[in-house]
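Q: I have this model open and would like a close look at one part of it. Could you walk me through a packed pair of helices and then work outwards to what lies around it?

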Amino acid sequence: TVSKDHPILTPNGYVEAGKLTTKDYIVQPVRKITPGITSINTVTRPLGSSRYGYKSERSYTVNEDLGWFVGMYLAEGVVTCNAGYRDRQERPGYGSLCLQTREIEEVSRRLKILFPEINQRTQQNKNSLCVNLYLQDNGLAEWVYNNLGSAKTKHYADVFFNYGKEFNFGVFKGYLEGDGYVAKDINVVKITSVRSDLLVQMRDV
């Protein structure tokens with residue numbers, strides 16, 4: 001918040017905050033997006049294996065489709081952690097997306113192309129009309145948890161601005177698909193969320 005006489009930069013120069021209306025535009029910095037990172041790596045631990053056991057490493061290309069998944073997760077996803085193992089560490093076990101029934105088929109199809117090695121399953125949400133789509137891979141779940149958080153800790157990490165414009169465009173499309181829509185009659189993109197910080201981060205994208 002600012003005081004009413006605080007100067008705010010607009011395309012027409014500085015205007016006192018108290019004189020701004022909902023019809024005014026303001027000037028803000030634009031985050032620079034660079035194509036520095038081209039792939040991500042995950043480490044999957046098969047069920048029952050410890051941190052000293054067998055591990056499977058996978059690599060995924062950073063592109064618009066991966067960005068779309070990240071955006072969908074930020075809008076509709078959560079990571080569930082398994083109970084502590086012999087070293088008493090709770091590790092991410094699997095990720096899930098809460099989707100409308102009409103969305104399941106197309107989202108599942110795209111995820112199978114993006115993550116062909118990962119098993120999926122669906123389950124009707126008992127508390128709503130949504131269907132949970134589970135991605136049963138602790139390696140991907142761990143990458144998502146470490147980079148995006150889960151539930152109330154979800155965020156868009158600064159490192160993603162080094163993933164290139166294609167990836168970030170995919171993130172915005174995925175987030176819009178999950179939590180927003182385009183009002184074509186007035187040429188406005190509208191996104192609804194209980195997380196105001198995520199909305200600010202999507203604005204920066």
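A: Happy to, and please keep in mind that this is a predicted model. Let's start with helix α1, residues 64–76, and helix α2, residues 101–114, whose axes come within 10 Å and cross at roughly 130°. That angle makes α1 oblique to α2, and the crossing is left-handed. On the α1 side the contact is made by Asp65, Leu66, Trp68, Phe69 and Met72, while α2 brings in Val107, Arg110, Leu111 and Leu114. Sorted by class, the α1–α2 contact has 7 nonpolar and 2 charged residues, with no polar ones.

Now look at the sheet beside this pair. It is an open sheet of 4 strands in the order β5-β6-β8-β7, paired in the antiparallel sense. The edges are held by β5 (77–81) and β7 (119–124); each has a single partner strand, so one side of each is left without a neighbour in the sheet. Direction ignored, neighbouring strands here are turned by 25° against each other on average. To see one pairing in detail, follow β7 along strand β8, residues 131–136: the two run antiparallel and are joined by 6 bridges. Within that pairing, Thr122 stands opposite Leu133 in β8. Helix α1 comes back into the picture here, since α1 packs on this sheet and touches β5, β6 (92–99) and β8. The direction of α1 makes about 80° with that of β5.

A further helix meets those strands. Helix α3, residues 138–148, lies across β5, β6 and β8 and runs at about 75° to β6. Most of α3 is covered, with 8 of its 11 residues buried. If you would like to pick them out, the buried residues are Asn138, Gly139, Leu140, Ala141, Trp143, Val144, Asn147 and Leu148. These buried residues pack against α1 as well as β5, β6 and β8, and also against β3 (39–44).

That last contact takes us to β3 and its partner. Strands β3 and β4 pair in the antiparallel sense over 6 bridges, and in this pairing Ser39 stands opposite Thr61 in β4. The two faces of β4 differ: Ser56, Arg58 and Tyr60 form a covered face, whereas Glu57, Ser59 and Thr61 form an uncovered one.

Between β4 (56–61) and α1 there is a loop, and Val62 sits in it. Val62 counts as buried because its relative accessibility is 11%, and the cut-off for buried is under 20%. Its surroundings are worth tracing. Leaving aside neighbours within four places in sequence, Val62 is in contact with Ile37, Thr38, Ser39, Ile40, Tyr163 and Phe167. Val62 and Thr38 are 24 residues apart in sequence, yet their C-alpha atoms are 5.0 Å apart in space. Ser39, which we met opposite Thr61, is also one of the contacts of Val62.

Phe167 in that list leads on to another pair of helices. Helix α4 (residues 165–179) and helix α5 (residues 196–204) have axes that come within 10 Å and cross at roughly 140°. That makes α4 oblique to α5, with a left-handed crossing. Here Val171, Phe172 and Tyr175 in α4 meet Leu198, Leu199 and Met202 in α5. By class, the α4–α5 contact has 6 nonpolar residues and no polar or charged ones.

Two strands also deserve a look here. Strand β9, residues 180–183, pairs with strand β10, residues 188–191, in the antiparallel sense over 4 bridges. Ala183 stands opposite Val188 in β10. The two strands form a hairpin with 4 residues between them, and Asn187 in the turn has a positive phi of about 55°.

Finally, step back to the whole chain. The secondary structure comes to 5 helices and 10 strands, and the C-alpha trace spans about 65 × 35 × 30 Å along its principal axes. Of the 205 residues, 38% are buried. Among contacts between residues at least 6 apart in sequence, 55% join residues at least 24 apart.

Technical notes: Residues numbered from 1 in each chain as written. Predicted model: local features only at pLDDT ≥ 70, side-chain atom pairs only at ≥ 80, totals over all residues. Heavy atoms only, no water. Pairing = 2+ DSSP bridges. Axes fitted to C-alpha atoms, helices over the stretch in contact; angles between N-to-C directions. Parallel < 35°, antiparallel > 145°, perpendicular 65-115°, else oblique. Left-handed = near helix turned anticlockwise from the far one by under 90°. Contact = heavy atoms within 4.5 Å. Nonpolar A, V, L, I, M, F, W, Y, C, P; charged D, E, K, R; others polar. Buried < 20%, exposed > 50% of the residue type's maximum accessible area, 1.4 Å probe, protein only.
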